[in-house]
Amino acid sequence: MYYNNDIDLIRDVPLEITVELGKTGKKINEILDFGVGTVIELDRLVGEPLDVLANGKKIAKGEVVVVDENYGIRITDIIIPRKISE
C-alpha cells in the first residue's frame with residue numbers, strides 16, 4: 001500500500017486545540033452552588049505539566065506562560081504515538 005508523505009495535503013485541515021489544566025468530578029447539586037469566587041480543586045499539582053490535545057487526542061505536554069498579559073502554553077514535550085504493527 002502506498003502512502004503519500006506530502007504534508008502539504010493536510011496543512012489547511014482545521015484542528016481543535018485544547019489545553020487541559022486538570023480534571024475533577026462534581027455532582028449537579030455542587031455545580032448549582034458555584035458562584036463568583038468558587039475554587040474548584042483539580043487532580044494536578046501546581047507546576048505539573050499540562051496536556052495539549054488536538055481533536056481530543058493528547059499530542060504534547062507544556063507549561064503555562066504569560067505573553068503580553070495573555071496566558072499561553074510553552075510546549076515542553078511532544079507525544080510520539082506508538083506505531084501499530086501492520
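The following paragraphs describe the fold of this chain, its central strand pairings and a patch on its surface.

The structure is a predicted model. Its secondary structure consists of one helix and four strands, arranged along the sequence in the order β-α-β-β-β. Of the 86 residues in the chain, 9% are buried. The accessible surface amounts to about 8,300 Å², and carbon and sulfur atoms account for 55% of that area. When contacts between residues at least 6 apart in sequence are considered, 26% of them link residues at least 24 apart.

Strand β2 (residues 50-54) merits particular attention. Five of its five residues are buried, so the strand is largely enclosed by the rest of the structure. In a regular strand, side chains alternate between the two faces of the sheet. In β2, Leu50, Val52 and Ala54 point one way, while Asp51 and Leu53 point the other way.

Strand β2 pairs with two strands named here, β1 and β3. Strand β1 (residues 17-20) runs antiparallel to β2 and is joined to it by four bridges; Glu20 stands opposite Asp51 of β2. Strands β2 and β3 are also antiparallel, with five bridges between them, and Val52 has Ala60 in β3 as its bridge partner. These two strands form a hairpin with two residues between them, and Asn55 in the turn has a positive phi of about 50°.

Strand β3 (residues 57-67) also contains Val64. This residue is partly exposed, with a relative accessible area of 46%. Val64 belongs to a nonpolar surface patch, together with Val19, Leu21, Ile31, Phe34, Ile40, Leu42, Val66 and Tyr71. The accessible area of the patch as a whole is about 850 Å².

Terms used:
Residues are numbered from 1 along each chain as its sequence is written. This is a predicted model: local features need pLDDT of at least 70, side-chain atom pairs count only at pLDDT 80 or more; totals for chains, interfaces and linings use all residues. Side-chain values use heavy atoms; hydrogens and water are left out. Patches are made of residues with over 30% relative accessible area and no salt bridge: like charges are joined within 9 Å, nonpolar side chains (Val, Leu, Ile, Met, Phe, Trp, Tyr) within 5 Å. Accessible areas come from the Shrake-Rupley method with a 1.4 Å probe; for residues, only the protein chains shown count as cover. A salt bridge is a side-chain nitrogen of Lys or Arg within 4 Å of a carboxyl oxygen of Asp or Glu. Buried means under 20% relative accessible area, exposed over 50%, partly exposed in between (1.4 Å probe, protein chains only). Contact means heavy atoms within 4.5 Å. Two strands pair if DSSP finds at least two bridges between them.
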